[in-house]
Amino acid sequence: MIVGAGPAGLLLSQLLHLQGIESVVLERCDRAYVEARVRAGVLEHGTAETLREAGISTRMDAEGMPHDGTELRFARARHRIDFATLTGRHIVVYGQQEIVKDLIAARFHAGADVRFEVDDVALHDLDSDRPRVTAGGESIEADFVIGADGFHGISRDHLADPSVYERTYPFAWLGILAEAPPSSRELIYCRHENGFALHSMRSPSITRMYLQVPATEDIGDWSDDRIWSELTTRLATDDGFELTEGPLLDKSITPMRSFVATPMQQGRLLIAGDAAHIVPPTGAKGMNLAIADVRLLSRALGGYYQDGRDDLVAAYTETALRRVWRATHFSWWMTTMLHTDPDGDAFSEQLANAQLDYVTASTAMATSLAENYTGLPYEQGWSYR
Ligand SMILES: Cc1cc2nc3c(=O)[nH]c(=O)nc-3n(C[C@H](O)[C@H](O)[C@H](O)COP(=O)(O)OP(=O)(O)OC[C@H]3O[C@@H](n4cnc5c(N)ncnc54)[C@H](O)[C@@H]3O)c2cc1C
């Protein structure tokens, strides 16, 4: 039984199906809403490989945009981090909502039991061998319950005595989706005295951009003109960078938070993705971590059903947390290096500048950024194979 049809829940259902293990997916929202939800868009090398392994990569391989590097921009100058040269790995830019669409299509094509608009899910008997989920007047027994219901879901509340680690940042991201061709081939992470800016994209004709704003900011205070003007100011370079503008399709403000709840399991309940952990989006890790969790779970449950092993399920939290904490540190590090801290002082400002200078001047530091950003290889103990 899987609660939540985000990338984590749907991908787990698909990976289990490929091993002959069937599941029921219960989702609170309707299908159209889930398929239209614009969120992440940067896929780590291993995430793209996992989607290929799951048999849902046809559109990603045709329409996704492979990037061999990214740009760090500060003091009006550009500095490229070359992922391919430094690590032999790359990322793929492909929207989360497109992955969700591909997964839903694959699941229905295989005749899967995926139920939308189920808004009264409750979990029972999680410490027994036959946990139950009730929803829509029905009671369904299962071997395991997977909580893939995101940060605001219900499953995390069933952990008996979790340790929670949390940091809230004193700023947020104002994100826009614009009908405009990207102004750069690769992503641009920019530190400016007015705050951070990110230039990203979703397709050759759609640009995705973000501005650091105060945590309490009201989106109503940001007209389209003000957003373009601030993006132009922050992204300006001495060599004349030009930003392509276009009509806005979406604008929203997202708070920035780091959060880890552990253990990620309780009896026969296993939780994955945003249900267990949140990172600020600066390192582009949120969805990638959700996918790494369920890749791990699919192998643990495969071991359970195919080989009668329960050690992989027992080790789930410990194995997953190694990658979760690495990504949590990387996301915090990128965030503090690239944002201006409204509660900070001139000292912290100088430290961030010194760090950017070092990352762009030192091959060792640039390699560290590149290997974290493209995603640590599963084979190197960051996940079991
Ligand atoms: C606005 C926004 C922008 C983001 N931008 C980025 C980004 O640029 N880069 C990045 O890496 N990450 C980003 N993230 C994070 C990324 O989107 C998440 O890490 C990712 O969605 C996690 O996937 P998930 O499947 O674990 O959770 P979710 O995608 O949240 O899916 C959980 C699902 O469970 C459902 N659900 C919740 N409660 C219940 C219930 N009680 N019963 C049944 N179903 C339930 C929800 O409706 C949802 O469909 C962003 C997140 C947000 C909110």
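Q: Which element gives the most to the shell around the ligand?
A: That is α8, with 3 residues in the shell; helices here are DSSP runs of H or I with at least four residues, strands are runs of E with at least two, and both are numbered from the N terminus.

Q: Before going on, what kind of model is this, and how are residues numbered?
A: This is a predicted model, in which local features need pLDDT of at least 70 and side-chain atom pairs count only at pLDDT 80 or more, while totals for chains, interfaces and linings use all residues. Residues are numbered from 1 along each chain as its sequence is written, and side-chain values use heavy atoms, with hydrogens and water left out.

Q: OK, back to the ligand: which residues come nearest?
A: Of the 29 residues around the ligand, Ala 8, Glu 27, Arg 37, Gln 96 and Asp 274 come nearest, where a residue counts as near if one of its heavy atoms lies within 4 Å of the molecule.

Q: And what is the make-up of that shell by class?
A: The shell has 14 nonpolar, 8 polar and 7 charged residues, with Ala, Val, Leu, Ile, Met, Phe, Trp, Tyr, Cys and Pro counted as nonpolar, Asp, Glu, Lys and Arg as charged, and the others, Gly among them, as polar.

Q: Which polar atoms lie where around the ligand?
A: Taking a polar contact as a pair of N or O atoms within 3.5 Å, a backbone N or O atom of Pro 7 lies 3.3 Å from an oxygen atom of the ligand, and a polar backbone atom of Arg 28 is 3.1 Å from a ligand nitrogen atom. Arg 37 uses its side chain, with a polar atom 2.6 Å from an oxygen atom of the ligand.

Q: How much of the ligand does the protein cover?
A: The protein covers 88% of the 1000 Å² of accessible area that the ligand has on its own, by the Shrake-Rupley method with a 1.4 Å probe.

Q: Switching to the sheets, what is the order in the one with 8 strands?
A: The order is β6-β5-β14-β15-β16-β13-β17-β20, an open sheet with mixed pairing, where two strands pair if DSSP finds at least two bridges between them. Its edge strands are β6 (77-82) and β20 (277-278), each pairing on one side only.

Q: How do the strands at those ends join their neighbours?
A: β5 and β6 are antiparallel over 6 bridges, with Leu 72 and His 79 as bridge partners, and in their hairpin, which has 2 residues between the strands, Ala 75 takes a positive phi near 50°. At β20, 2 bridges make an antiparallel join to β17 (residues 248-262), and Phe 259 stands opposite Ile 278.

Q: What about β13 and β17?
A: These run antiparallel and are joined by 13 bridges, with Ser 163 opposite Thr 262. The peptide bond from Thr 262 to Pro 263 is cis, with omega near 5°, and Pro 263 sits in the loop between β17 and β18 (265-266).

Q: Which strands does α7 lie across?
A: Helix α7 (residues 224-235) lies across β5, β13, β14, β15, β16 and β17, at about 85° to β16; contact means heavy atoms within 4.5 Å, and the angles run from 0 to 180 degrees between N-to-C directions of axes fitted to C-alpha atoms, for helices over the stretch in contact.

Q: And the sheet with 3 strands, why is one side of β9 and β11 left without a neighbour?
A: In this open antiparallel sheet, ordered β9-β10-β11, β9 (122-124) and β11 (138-141) stand at the edges with a single partner strand each, so one side of each has no neighbour in the sheet. The twist averages 25° from one strand to the next. Strand β10 (residues 132-135) pairs with β11 over 4 bridges, and Ala 135 stands opposite Glu 138.

Terms used:
Polar contact = N/O pair within 3.5 Å; in protein donor to acceptor, adjacent residues only side chain to side chain.
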